Amino acid sequence: DPTLQIQLPHHLCARSIPVLPAPRRDSAVSLPAACALCRRADSDSELFGQTCHQDGLCVHENCLVSPGAGRRPWRCRPRARTAALAPAVPRQRTCCICRRRGASVACQGRRCPRNFHFPCGGERGCVSQFFGEFKSFCWQHRPVQRLRALRRGRSRCLICQEPVAGRPRFGTLVCPACRSAWFHRACIQGQALRSALHHFRCPLCQDTDTFQAEMFRLGIQIPDRDAAWELEGAFDDHYRRHSSCDAARCLCPGGRQQADDEGPWRLLLCNSCGSRGTHRECGGLGEEVGSWECGDCAGAGTGDPLLTSRPAGCSCCW
């Protein structure tokens with residue numbers, strides 16, 4: 001069979017991995033594509049990463065970055081954008097958790113024979129590291145926290161404020177710097193994906209270096225990019241100006257969205273909140289009025305526009 005090519009996210013390197021043949025499907029039923037490695041159709045980006053599609057083949061990003069059983073860690077090729085997916089290997093390993101074939105992750109513990117699918121490992125308490133050699137460990141050989149955490153009464157997750165376990169374990173992590181910040185694994189993983197490498201730190205003590213090193217070791221994925229709120233277009237909604245008439249009865253023949261520069265259909269926005277608007281005609285405002293406030297800002301229960309002495313042509317506020 002010819003080798004298939006799949007387009008990966010820009011931060012992934014080219015790697016050759018074993019792939020199971022795709023399952024047969026009824027052409028009359030449209031089902032979501034299953035990952036060629038773990039055989040799951042889930043699309044939770046926080047757990048599986050991005051889903052890569054090409055030529056009818058589907059692979060989870062996190063399934064790709066975990067080393068295969070009995071293989072050396074994958075080597076990066078500079079400027080590579082694709083990964084060659086070989087059809088199938090003669091020896092298909094069985095997942096020690098779900099007992100199905102196609103396990104692509106191997107425990108790196110000394111002489112440990114366990115192999116598993118990436119999502120099966122996460123459900124069973126296995127740890128896959130997302131740095132260096134991208135090692136994975138089963139529940140018996142996974143890295144653990146051995147520190148005396150500071151507790152004051154019943155600890156809660158600093159992110160979701162729900163109770164956490166009484167001591168560090170797979171699902172409960174502690175900041176190694178202050179030893180006072182407790183997190184659920186799922187909560188701190190979500191925080192890491194949003195904050196990314198440039199902004200990820202302990203929410204309590206603001207430590208970065210020690211905190212990131214420990215989270216990396218414990219299998220928290222921290223993408224090497226800027227924070228989600230710094231990405232292009234993240235604040236587009238904040239710069240969008242209100243652009244419709246909110247009068248109870250809009251009289252404009254062009255509709256609530258019409259906004260002329262002058263005249264009765266000039267749209268005036270609330271001088272205080274900017275989130276309400278009215279046409280001059282709809283609000284009963286004369287040509288001399290250059291400012292208006294909605295009922296909420298002018299006074300609770302009044303609903304009357306507040307007229308100011310600002311000239312009609314002034315646009316120093318909006």
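The protein chain of this predicted model holds seven helices and 13 strands, where helices (H or I, at least four residues) and strands (E, at least two) are DSSP runs numbered from the N terminus. Of its 318 residues, 40% count as buried, that is, under 20% relative accessible area, with exposed meaning over 50% and partly exposed in between (1.4 Å probe, protein chains only). Contacts, defined by heavy atoms within 4.5 Å, often span the sequence: among those with a separation of 6 or more, 54% join residues 24 or more positions apart. Residues are numbered from 1 along each chain as its sequence is written, and side-chain values use heavy atoms, with hydrogens and water left out. Because the model is predicted, local features need pLDDT of at least 70 and side-chain atom pairs count only at pLDDT 80 or more, while totals for chains, interfaces and linings use all residues.

Confidence comes next. The mean pLDDT (the predictor's confidence in each residue, from 0 to 100) is 76 for the protein chain, and 73% of the residues reach 70 or more. Helix α5 (residues 209-217) has the highest mean, at 96, and strand β1 (residues 4-7) the lowest, at 40. Over residues 1-30 the pLDDT stays under 50, and the model gives this stretch 87 contacts beyond four places in sequence. Residues 300-318 are also below 50, with 38 contacts in the model beyond near neighbours in sequence. Where pLDDT is low, the predicted coordinates should not be read in detail.

Turning to the interior, the largest nonpolar core comprises 20 residues; such a core is a set of buried Ala, Val, Leu, Ile, Met, Phe, Trp, Tyr and Cys residues joined through side-chain atoms within 4.5 Å. Cys35, Leu37, Val59, Cys63, Phe116 and Cys138 have the most contacts inside this core, to which β4 (57-60), α2 (61-64) and α3 each supply at least two residues. A second, separate core of 15 residues includes Cys178, Ile188, Phe200 and Phe211. Phe211 is also one of the buried residues of α5, together with Gln212, Glu214, Met215 and Phe216. The cover over these buried residues of α5 includes β10 (172-174), β11 (182-184) and α4. Glycine 219, which follows α5, has a positive phi near 95°.

The second largest pocket encloses about 440 Å³ and is lined by 22 residues, with Glu46, Leu47, Gly122, Arg185 and Gln189 nearest its centre. The lining divides into ten nonpolar, eight polar and four charged residues. At least two lining residues come from each of α1 (45-48), α3 (118-124), β8 (127-128) and α4 (185-199), and α3 gives the most, with four. A pocket here is an open set of points on a 1 Å grid over the protein atoms alone, where a 1.4 Å probe fits, with protein on both sides within 12 Å along at least five of seven lines; lining residues have an atom within 4 Å of a point.

Two backbone details round off the picture. Most residues other than glycine have a negative phi. Arginine 99, in the loop between β5 (82-86) and β6 (105-106), has a positive phi of about 65° although it is not a glycine; this arginine is exposed, at 64% relative accessibility. Glutamine 161 likewise has a positive phi, near 65°, and sits in the loop between β9 (136-137) and β10. Its relative accessible area of 44% makes glutamine 161 partly exposed.

Methods
Grid points are joined across faces, edges and corners, and a volume is the space filled by probe spheres set on the points. Ala, Val, Leu, Ile, Met, Phe, Trp, Tyr, Cys and Pro count as nonpolar, Asp, Glu, Lys and Arg as charged, and the others, Gly among them, as polar.
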